[in-house]
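Reader: Please take one part of this model and go through it closely. I would like a single connected account of how that part is put together.

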Amino acid sequence: MSDGVSLPDLTPLRDWFSSYCNSFRTADLEVQRNFDLKQEHTRNVCRDALLIAQGMGPRFEMLAEVAALCHDLGRFPQFRDYHTFKDSDSLNHAHLSAQVMKQHHLLDFLTDQERGCIEVAVRTHNAFQVPEGLPALTADLLRLLRDADKLDIWRVFTEYFNAPEAERASGAGLGFPDLPGCSAEPLAAVSAGNMVQLSTLKSLNDFKLLQVSWIYDINFAATFRLIRQRSVLEQFRAMLPRDREVLDVLAQVGRYLDEKLRDAAA
Ligand SMILES: [Fe+2]
């Protein structure tokens, strides 16, 4: 880490991001809606990353914002070229984000070490789990980025689900069919205290369960507090079927959240 005396101004990077978004502008309203969604998402992930990083030092806060600003750069070419945000049907958007970052020399104003940490955090932010054996700064940035990303994906999905069908950004639901109930495999995963694997999903309700199970992957006390403040679990409860098994796993996740909030307060 550098001395922290001269904190770089992120204005040029923020401006670059705006012009990058503008470079994808299209008259196709449906495609543009998905670009807008990712631009707004990035703005919110930056805000939430800063909320979580508060008190961890100005240099770290700056790096958190840089990671957040760059994490989804790959979403734009992904949607332009494949019309989906589903990596398994297109490409790994996080790898593409890292590529875009390098191509445009976006991180040249950072130290080599910091640049390396952000590149790894961006490249792996969508991995099922945080890889082991990462240097401390990389691991911290990655965990923070994953928390901030989840916070805003919950917002995006809740808004998507509650919007009239004609106004929904098609990419947000990943194209899952809206079938009744939840499938056995995702239910079993949540009830075992695990995150749901994307490959086990059969429906939009399963996708909701997967997002609920992300609460098990949250790293920072500040994020747990934001989950409570924003009523994330309650919003998902309202969107899910009222089946016994579903209510049971939701209650279980609720107890986990309570416990984490108690730990955070202690
Ligand atoms: Fe994201």
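**From the α8–α9 contact to the iron site and beyond**

Author: In this predicted model, P186, L187 and V190 of α8 are in contact with D206, L209 and S213 of α9. By class, this contact has 4 nonpolar residues, 1 polar and 1 charged. The charged residue is D206 and the polar one is S213. Helix α8 covers residues 184-191, and its axis comes within 10 Å of the axis of α9, crossing at roughly 15°. Because angles under 35 degrees count as roughly parallel, α8 is roughly parallel to α9. The crossing of these helices is left-handed.

Helix α9 (residues 204-213) also packs against α7, at about 155° and with the axes 11 Å apart. An angle over 145 degrees counts as roughly antiparallel, so α7 and α9 are assigned to that class. Their crossing is left-handed. On the α7 side the contact is made by I153, W154, F157 and F161, and on the α9 side by L204, F207, K208 and Q211. These residues divide into 6 nonpolar, 1 polar and 1 charged. Here the charged residue is K208 and the polar one is Q211.

Helix α7 leads on to the metal. The iron ion is coordinated by NE2 of H41, NE2 of H71, an OD atom of D72 and an OD atom of D149, at 2.1 to 2.3 Å. Along the chain these donors follow the spacing H-x29-H-D-x76-D. D149 belongs to α7 (residues 136-162) and H41 to α2, so this pair ties together parts that are 108 residues apart in sequence.

What angles do the 4 donor atoms subtend around the iron ion? The range is 82 to 171°, which makes the arrangement irregular. A tetrahedral assignment would need every angle to lie between 85 and 135 degrees, and both ends of the range, 82 and 171°, fall outside those limits. For reference, the ideal angle for four tetrahedral donors is 109.5 degrees.

The helix that carries H41 has a packing partner of its own. The axes of α2 (residues 29-53) and α4 (residues 75-82) come within 10 Å and cross at roughly 165°. The two helices are therefore roughly antiparallel, and their crossing is right-handed. From α2, the residues in contact are E30, V31, N34, F35, K38 and Q39; from α4 they are R75, F76, F79 and R80. By class, this contact has 4 nonpolar, 2 polar and 4 charged residues. The charged ones are E30 and K38 in α2 and R75 and R80 in α4, while the polar ones are N34 and Q39, both in α2.

Notes
Residues numbered from 1 in each chain as written. Predicted model: local features only at pLDDT ≥ 70, side-chain atom pairs only at ≥ 80, totals over all residues. Heavy atoms only, no water. Axes fitted to C-alpha atoms, helices over the stretch in contact; angles between N-to-C directions. Helix = DSSP H or I, 4+ residues; strand = E, 2+ residues; numbered from the N terminus. Parallel < 35°, antiparallel > 145°, perpendicular 65-115°, else oblique. Left-handed = near helix turned anticlockwise from the far one by under 90°. Contact = heavy atoms within 4.5 Å. Donors = N, O, S within 2.8 Å, 3.2 Å for Na, K, Ca; no water. Tetrahedral: all angles 85-135°; square planar, octahedral: opposite > 155°, others 65-115°.
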